[in-house]
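Please open the model in your viewer, and keep the selection tool at hand while you read. Each stop names something to select and then says what is there.

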Amino acid sequence: RREHAVPEGQHLAAAQNRIWATWARPIRPEVAGNVKVAFTIHRDGSVDQVEVVESSGSSTIDRLAERAVISTQLGPLPNSYEKETLVVHANFKPVS
């Protein structure tokens with residue numbers, strides 16, 4: 001029997017691709033650093049509770065990562081996902 005990817009996994013991959021497309025932009029190497037952001041996706045696809053949980057050490061990078069999440073349209077959670085919200089932790093690394 002062949003296993004199929006779960007819809008919520010596909011949804012997360014698509015959401016990640018959209019966020020990365022918003023995020024991926026060249027940043028000066030001297031302000032580079034990784035940042036970890038947590039956020040909640042609601043059933044309707046809206047996002048809130050965006051929070052830097054591990055700072056890059058640069059408020060500029062941290063704000064850009066938060067903005068990438070907030071400004072990206074993610075779309076609603078799949079019907080097969082049983083909960084009303086999904087909490088995501090994402091790592092961002094500037095593109096040089």
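The tour below goes from the sheet to one of its turns, then to a single residue, and finally to a helix.

Before selecting anything, note that this is a predicted model, in which local features need pLDDT of at least 70 and side-chain atom pairs count only at pLDDT 80 or more, while totals for chains, interfaces and linings use all residues. Residues are numbered from 1 along each chain as its sequence is written, and side-chain values use heavy atoms, with hydrogens and water left out.

**The sheet**

Select strands S1, S2 and S3, where strands (E, at least two residues) and helices (H or I, at least four) are DSSP runs numbered from the N terminus. These three strands form an open sheet in the order S2-S1-S3, with antiparallel pairing; two strands pair if DSSP finds at least two bridges between them. Strand S2 (47-54) and strand S3 (85-92) stand at the edges and have a single partner strand each, so one side of each is left without a neighbour in the sheet. From one strand to the next, the twist averages 20 degrees; axes are lines fitted to C-alpha atoms, for helices over the stretch in contact, and angles run from 0 to 180 degrees between N-to-C directions.

Next, select S1 (residues 35-42) together with S3, which pair in the antiparallel sense over eight bridges, and find Thr40, which stands opposite Val87 in S3. Then move to S1 and S2, which run antiparallel and are joined by five bridges; here Lys36 has Glu54 in S2 as its bridge partner.

**The turn and Gln49**

S1 and S2 form a hairpin with four residues between them, and Gly45 in the turn has a positive phi of about 95 degrees. Most residues other than glycine have a negative phi. Gln49 is not a glycine, although its phi is positive, at about 55 degrees. Gln49 lies in strand S2 and, at 58% relative accessibility, counts as exposed (over 50% relative accessible area; buried means under 20%, and partly exposed is in between, with a 1.4 Å probe and protein chains only).

**Helix H2**

Finally, select H2, which lies across S1, S2 and S3 and runs at about 155 degrees to S2. Which residues of H2 are buried? They are Ile61, Asp62, Leu64, Ala65, Ala68 and Val69. These residues cover an arc of only 165 degrees around the axis, which puts them on the same side of H2; the arc is that of the directions from the helix axis to the C-beta atoms. Turn the view to the face of H2 directed away from its buried side, which carries the exposed residues Arg67 and Ile70.

How values were computed:
Contact means heavy atoms within 4.5 Å.
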